[in-house]
Amino acid sequence: MPMPPLKSRVPLLLAELDRLYPAAECELDFASPFQLLVAVILSAQCTDRRVNQVTPALFARYPDAAALAAADPAELEELIRPTGFFRAKAKNLRACAAALVERHGGEVPEALDDLTALPGVGRKTANCVRGDAFGLPGITVDTHVGRLARRLGLTKHDDPVKAEFALMKLLPEASWTRGSHQIILHGRRVCHARRPLCSDCTLAAFCPQIGVLKSSSPQGASRKPSPRPGRSGRPDDLKT
Ligand code: SF4
């Protein structure tokens, strides 16, 4: 059966993602925009589960931006050590917290430009915070979203920012935040980077599988996907 044109594939894709992952949301534990921002920074190259193990003690020790900005570097590093790259993350966290205090009275701003002006905060982190802490629409292009968007024929861009703008034109705004979480889940469970499970994928009818090596599917097809409904992971910066 010929592949439907892109415009007619998008609603089909979104409907199937809703069916597969109806409750997709951020898996990081947080109780405020500040906590989410900290958790997202910590989640680079680290699982959400590991971050969630670290943050209760971290948030108890540093309950707000002022406390975090004044943190003893060695103590902070020790608290976040399990998340990896702890020296760089500690430096970013302290600098980011100091900027929050200096520029925003210790509060996390909602505006994308204000967020991306913070040390250690790129568009991925900013969109995640805006979407999950403030309910503002944003597409978080991490490694999964970028890869799936290209395979699905939604964009040709490798550059995350160009891909984000292409997706913003293509997808309805109401789907941006939830769709990001859903696509991340699908990337983790089915459309793996090396061996996408195309033969078991329910998106296959409207996926041109662009760039997918034909040899990759049969190997991966022996493994059962588990596209069960569930919560998504945080739109991670570097995790695969
Ligand atoms: S059909 Fe294959 S390439 Fe397309 S989304 Fe599914 S697993 Fe990924």
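This is a guided tour of a predicted model, moving from the whole chain to its cores, then to two helix pairs and one buried arginine.

**The whole chain**

Begin with the full chain coloured by secondary structure, where you will find twelve helices and zero strands, so that the elements read α-α-α-α-α-α-α-α-α-α-α-α from the N terminus on. Of the 240 residues, 42% count as buried. Among contacts between residues at least 6 apart in sequence, 66% join residues at least 24 apart.

**The largest nonpolar core**

Next, select L37, A39, V40, I41, L93 and V129, which touch the most other members of the largest nonpolar core, a set of 33 residues. To see where this core draws its residues, show α2 (33-42), α3 (48-61), α4 (65-69), α5 (73-80), α6 (86-104) and α8 (123-134), each of which supplies at least two of them. Which helix gives the largest share of this core? That share comes from α2, with eight residues. In soluble globular proteins, nonpolar side chains tend to be buried together.

Centre the view on L37 and leave aside its neighbours within four places in sequence; the contacts that remain are with V108 and V129.

**The α2 and α3 pair**

Keep α2 in view and add α3, whose axis lies 10 Å from that of α2, the two helices packing at an angle of about 135°. The pair is therefore oblique, and α2 passes α3 in a right-handed crossing. To display the contact itself, select Q35, A39 and L42 on the α2 side, together with V51, V54, T55 and F59 on the α3 side. By class, this contact has five nonpolar and two polar residues, with no charged ones.

**The α2 and α8 pair**

Now hide α3 and bring up α8, which also crosses α2 in a right-handed sense; the axes of α2 and α8 come within 10 Å and cross at roughly 145°. From α2, the contact is made by P33, L36, L37, V40 and I41, and from α8 by T125, C128, V129, D132, A133 and F134. The residues of this contact divide into nine nonpolar, one polar and one charged.

**Along α8**

Stay with α8 and consider how far it is covered: nine of its twelve residues are buried, namely K124, T125, A126, N127, C128, V129, R130, G131 and D132. If you then add α2, α7 (112-116), α10 (160-170) and α11 (176-189), you will have on screen the helices against which the buried residues of α8 pack. Just beyond the helix, select G135, which follows α8 and has a positive phi, near 70°.

**R130**

Within α8, select R130. Is this arginine buried or exposed? With 20 or more other C-beta atoms within 10 Å a residue counts as buried, and R130 is buried because it has 25. Leaving aside its neighbours within four places in sequence, R130 is in contact with E110, L112, L115, L136 and G138. For a distance to display, pick the C-alpha atoms of R130 and P109, which are separated by 8.9 Å although the two residues lie 21 apart along the chain.

Definitions and conventions: Residues are numbered from 1 along each chain as its sequence is written. This is a predicted model: local features need pLDDT of at least 70, side-chain atom pairs count only at pLDDT 80 or more; totals for chains, interfaces and linings use all residues. A nonpolar core is a set of buried Ala, Val, Leu, Ile, Met, Phe, Trp, Tyr and Cys residues joined through C-beta atoms within 7 Å. Helices (H or I, at least four residues) and strands (E, at least two) are DSSP runs, numbered from the N terminus. Two residues are in contact if their C-beta atoms, placed from the backbone, lie within 7 Å. Axes are lines fitted to C-alpha atoms, for helices over the stretch in contact, and angles run from 0 to 180 degrees between N-to-C directions. Angles under 35 degrees count as roughly parallel, over 145 as roughly antiparallel, 65 to 115 as roughly perpendicular and the rest as oblique. A crossing is left-handed if the near helix is turned anticlockwise from the far one by less than a right angle, and right-handed if clockwise. Ala, Val, Leu, Ile, Met, Phe, Trp, Tyr, Cys and Pro count as nonpolar, Asp, Glu, Lys and Arg as charged, and the others, Gly among them, as polar.
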